[in-house]
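Hello,

Here is the structure we talked about. Please open it before you read on.

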Amino acid sequence: MMSSTRSFLARTLMWVGIACAATSLAPSRAGAEALLVIEAESGRVLFAQNAGYPWYPASVTKLMTAYVTLRAVKEGRLNLDTPLVVSSNAVAQSPVKMGFGVGTVVTVDNALKMLMVKSANDMAVVLAEGIAGSIENFADEMNANARRLGMVQSSFVNPNGLPADDQISSARDLAILARALIRELPEYDYYWHLPGIRMGKMVRWNYNTLIGRYPGADGMKTGFICASGFNLVASATRNGRRLIAVVLGAPSSAARAMKAAQLLERGFNSNSPLSWFAAPFGTVESLQPVAAAPPNLREDMCGGHRKRPATEDEDDVVANNNPESPYAVFLASLRPAKAKGAAPLQQLGEPVLVYTGTKPPAAGSQATTDSKPEKKKSAAVKPAAAKDKDNAASASEPAAAKPKRKATADKGSAKDSSASTVAPGDSGATARKPKAAAPKESTKDGGSATAAASGDGMPAKPKPKAPKPPPMTITPAPE
């Protein structure tokens, strides 16, 4: 009896151990994420967690799109000034996008800037079609480069990372790609850390909130779809030492920024004898891939339990609405002051000019585009629920302008304005009619409208000036 009991307990413990080992291969549902930090120069791994597990890359895919594009430039197949034409296929892409009309011309340089800062899905297609003729041919080039680099877990079917079952990568492979961008294309390094872009009145800041905040931050790209969670490939340089951090599956854009900053900070301190980066991981290429299906985090990221839809631009909303939130405190602790040995950021805090066509707009003039200028959503406005939470809601069109009621006499006259203005926090649905003194309109016989009299002896009413239509806006949406 005693032997039988011992045998039963031994078998039970054995199966429990096997079950635990099996479940340890997959990220837990409570904290499903992959983390990795490496040295860019040597490829040495400083820390890894689920780094070999396959993952949906989302818009981090655009790092490969940029890599293929810039290799084509370096090989002389095209140059940064080459004009590309927006196709109907590009126009049909889901937000986030620039929203240009069919036939709009954009240079390779401007398309890359819009791709890396705004994560514009239509610009990814413009680049793909301009380089390879079609999305399918470009995907073949992406996969060929992935194989050449040793990205054994990666497959690509589109250039922008919109949801697709076969669009797969891993933290391991993305770190290999980021390292290739830094080492093979150093002359184009500024594309990875542009703080923002400006087109006319539209300004869009980089979704990578470490740029300009974390000392030494100099790259690279964010991504989000419901199935993947919030992803980030980030890089930073101090004392000539550059690190690459990869965070996949974070629960929010704030969490991915904090996790990446923590990985980078501890990585820079990894030479300390008491560092928790003590385990020998080898190089990034030596990390073992895990043969499994990518985790699908749709329910965790976009399920009905969330109080508000997950969006790429939620950082500003959270930080501005609750200054005591962990992310707001985190942002406040990151100063743009230069850390010792940190690489300076190019045009820190200043958005770079982008435009359509082949020449920049004349000084003092507004850039002309075929899309409507996008205004950054106010933190006070609650975002609308996305129809498709993977790709976000479609661009919202403003309603017809409602003219403001006539100002009372005791308020005085206001300066003339040539265009309607949008109130802070408005999404473009309502426009204000500018206050102005009654203009003098010429009558048919050449007299002044204010001086001319009607048949009953009363002064003729001035001819009303037709209000100009309000500017159109595109609501920011997740990648």
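Below are notes on a sheet, a disulfide and one glutamine. Keep in mind that this is a predicted model.

**The sheet**

Start with the strands. There are 5 of them in an open sheet, and the order runs β2-β1-β11-β10-β9. Pairing is antiparallel. At the edges sit β2 (45-49) and β9 (217-225), each paired on one side only. From one strand to the next, the twist averages 10°.

Look at β1 (residues 34-39) beside β11 (residues 241-250). These two strands pair in the antiparallel sense, with 6 bridges. For a landmark, find I38: its bridge partner in β11 is I244.

A helix packs on this sheet: α7, residues 171-184. Helix α7 touches β1, β9, β10 (229-238) and β11. The direction of α7 makes about 145° with that of β11.

**The disulfide**

How many disulfides does the structure hold? There is 1. C226 and C302 form it, with their sulfur atoms 1.9 Å apart. The torsion about the S-S bond of this pair is about -90°, so the disulfide is left-handed.

Where are the two cysteines? C226 is in the loop between β9 and β10. C302 is in helix α9 (residues 298-302). The two are 76 residues apart, so the pair links distant parts of the chain.

Are these cysteines buried or exposed? The cut-off for buried is under 20% relative accessible area. C226 has a value of 0%, so C226 is buried. C302 has 11%, so C302 is buried too.

**The glutamine, Q93**

Q93 lies in the loop between α3 (88-91) and β5 (105-107). Why does Q93 count as buried? Because its relative accessible area is 13%, and the limit is under 20%.

What does the side chain of Q93 meet? One of its polar atoms lies 3.0 Å from the backbone oxygen of N89. Further along the sequence, Q93 touches N121, D122, V125, N160 and L162. That list leaves out residues up to four places away in sequence.

**Where to look**

Three stops will cover these notes. Go to I38 and I244 for the pairing of β1 with β11. Go to C226 and C302 for the disulfide. Go to Q93 for the contact with the backbone oxygen of N89.

Best wishes

Methods. Residues numbered from 1 in each chain as written. Predicted model: local features only at pLDDT ≥ 70, side-chain atom pairs only at ≥ 80, totals over all residues. Heavy atoms only, no water. Helix = DSSP H or I, 4+ residues; strand = E, 2+ residues; numbered from the N terminus. Buried < 20%, exposed > 50% of the residue type's maximum accessible area, 1.4 Å probe, protein only. Polar contact = N/O pair within 3.5 Å; in protein donor to acceptor, adjacent residues only side chain to side chain. Contact = heavy atoms within 4.5 Å. Pairing = 2+ DSSP bridges. Axes fitted to C-alpha atoms, helices over the stretch in contact; angles between N-to-C directions. Disulfide = S-S within 2.5 Å.
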